[in-house]
Amino acid sequence: MSAAVLIAAVVGGGVLLLMRRLFPRQKVTKLLRYPVDTMRGKTVIVTGANSGIGKAIAGELLKVQARVIMACRDLRGAEEAAQEIKKQAGPEQGEVVIKHLDLASLRSVRKFCDEIKDEESKIDVLINNAGVYQCPYTKTEDGFEMQFGVNHLGHFLLTHLLLDILKTSAPSRIIVVSSKLYKYGQINFDDLNSENNYDKAACYSQSKLANLLFTLELARQLEGTGVTVNALTPGIVRTRLGRHVQIPLLAKPLFHLASLAFFKSPLEGAQTPLYLACSTEVEGVSGKCFANCKEEELMPKATDGQAAKKLWDISMRMVGLAD
């Protein structure tokens, strides 16, 4: 018995050391507090607002009296999330609107944008939060590799189709959720749909690098319009984003413990997008990337203007906005 306990202790200690190396304890993010009327009269679209970071963003915006449009593929999940965040928001809360948006379908994106333009007089903030992570090789309704299609192209078209209303609502803000995993990505211009070779981790990193290049080029094109666009990397957060990652059955309890110890909560992960949506400190700031509510220095490949313009032009053709 004592030998078994010793072995278990040694193995458990080794696993924890490995977890600490793989997932170093992240800097604790101070939870932001804004006056209750900070976003009164402002309309904010949050994609993927039914769970994870998006749900936390929507809940906090509701507390500061924003009109929050939850743009979600899963309407049932969105209804449940809306009921939960409304219960937590207190008596002086904003308004919640739920709308269907499937970023894996350009038809759905266009329908959503048509509805927004018909029903909303202004949009003050657009938060491009939704995403998929390391899913098996599948294609969107329009034939794009799923991670590139949802994480980049779906939001690319969404943002483009809402630019006119964002401009008439200026000063307004666009916020793009990227990931530090962009560091491991390359834009494979010869095979953006990964039809010749699919590496799910590399494709996710490619899509997150694409988010940063999109932010760079969009900021350049929006100069002087009163619309700003900034990206952020939230860190490692306990969400359902990693549901496609296969973890051995015996390792799941340890992984769960490690996530509690080393990962951010969804509310902690939501602090930087909330900062970019609400803070007066970033008025007029555009084309930057933030982490833990501070500007983050990016690798050269994420600030390559030529690559950003090339990706923009190709993306325009892929979503049908250019020949």
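How many salt bridges does the count come to? In this predicted model, the count comes to 14 salt bridges. The paragraphs below go through some of them, then turn to the sheet, the aromatic rings and two buried residues.

The sheet gives a frame for what follows. Eight strands form an open sheet with mixed pairing, in the order E3-E2-E1-E4-E5-E6-E7-E8. The edges are taken by E3 and E8, and because each has a single partner strand, one side of each is left without a neighbour in the sheet. In general, the strands of a sheet pair through backbone hydrogen bonds, in a parallel or an antiparallel sense. Here E5 pairs with strand E6 (residues 227-232) in the parallel sense, over six bridges. Ile 174 has Val 229, in E6, as its bridge partner.

Next come the charged side chains. Side chains of opposite charge can pair when their charged atoms come close. Arg 67 and Glu 95 do so in a salt bridge with an N to O distance of 3.0 Å. This pair links distant parts of the chain: Arg 67 belongs to strand E2 (residues 67-72) and Glu 95 to strand E3 (residues 95-100), 28 residues apart. Arg 67 has a relative accessibility of 23%, so this residue counts as partly exposed. Glu 95 is likewise partly exposed, with a relative accessible area of 39%.

A salt bridge between helices is formed by Lys 55 and Glu 84, whose closest N and O atoms are 2.7 Å apart. Lys 55 lies in helix H2 (residues 52-63) and Glu 84 in helix H3 (residues 75-89); the two residues are 29 residues apart, and the pair links distant parts of the chain. At 21% relative accessibility Lys 55 counts as partly exposed, and Glu 84 falls in that class at 35%.

Loops take part too. Glu 296 and Lys 180 meet in a salt bridge of 2.6 Å, N to O. Glu 296 is in the loop between strand E8 (294-295) and helix H11 (305-318), while Lys 180 is in the loop between strand E5 (172-177) and helix H7 (200-221), 116 residues apart. Is Glu 296 buried or exposed? Its relative accessibility is 15%, and since buried means under 20%, Glu 296 counts as buried. Its partner Lys 180, at 34%, counts as partly exposed. Apart from these pairs, salt bridges also link Lys 99, Lys 111, Glu 115 and Glu 119 in a network.

The aromatic rings come next. A search of the whole structure finds six aromatic pairs. One of the aromatic pairs is Phe 156 with Phe 214, a tilted arrangement with 5.4 Å centre to centre and 55° between the planes. Phe 156 sits in helix H5 (residues 146-161) and Phe 214 in helix H7, 58 residues apart. Phe 214 also pairs with Trp 312; that pair is stacked, at 5.9 Å centre to centre and 20° between the planes. It links helix H7, which holds Phe 214, to helix H11, which holds Trp 312, 98 residues apart. Together, Phe 156, Phe 214 and Trp 312 form one aromatic cluster. Phe 156 and Phe 214 are both buried, and Trp 312 is buried as well. A ring can also face a charge: the charged end of Lys 310 sits over the ring of Phe 189, 4.4 Å from its centre.

Helix H7 also contains Ser 207. With a relative accessible area of 0%, Ser 207 is buried. Which side chain is joined to that of Ser 207 by a polar contact of 3.0 Å? The partner is Asn 151. Leaving out residues up to four places away in sequence, Ser 207 touches Gln 147, Phe 148, Asn 151 and His 152.

The last stop is Leu 62, in helix H2, the helix that also holds Lys 55. Leu 62 is buried, with a relative accessible area of 0%. Neighbours within four places in sequence aside, its contacts include Val 68, Ile 85, Lys 86 and Ala 89. Also among the contacts of Leu 62 are Gln 93, Gly 94, Glu 95 and Val 96. Glu 95 is the residue that forms the salt bridge with Arg 67. Between Leu 62 and Val 36 the C-alpha to C-alpha distance is 9.4 Å, with their positions 26 residues apart in sequence.

Definitions and conventions. Residues numbered from 1 in each chain as written. Predicted model: local features only at pLDDT ≥ 70, side-chain atom pairs only at ≥ 80, totals over all residues. Heavy atoms only, no water. Salt bridge = Lys/Arg side-chain N within 4 Å of Asp/Glu carboxyl O. Helix = DSSP H or I, 4+ residues; strand = E, 2+ residues; numbered from the N terminus. Buried < 20%, exposed > 50% of the residue type's maximum accessible area, 1.4 Å probe, protein only. Phe/Tyr/Trp six-rings, centres within 6.5 Å; stacked < 30°, edge-to-face > 60°. Lys NZ or Arg CZ within 6 Å of the ring centre and 35° of its normal. Polar contact = N/O pair within 3.5 Å; in protein donor to acceptor, adjacent residues only side chain to side chain. Contact = heavy atoms within 4.5 Å. Pairing = 2+ DSSP bridges.
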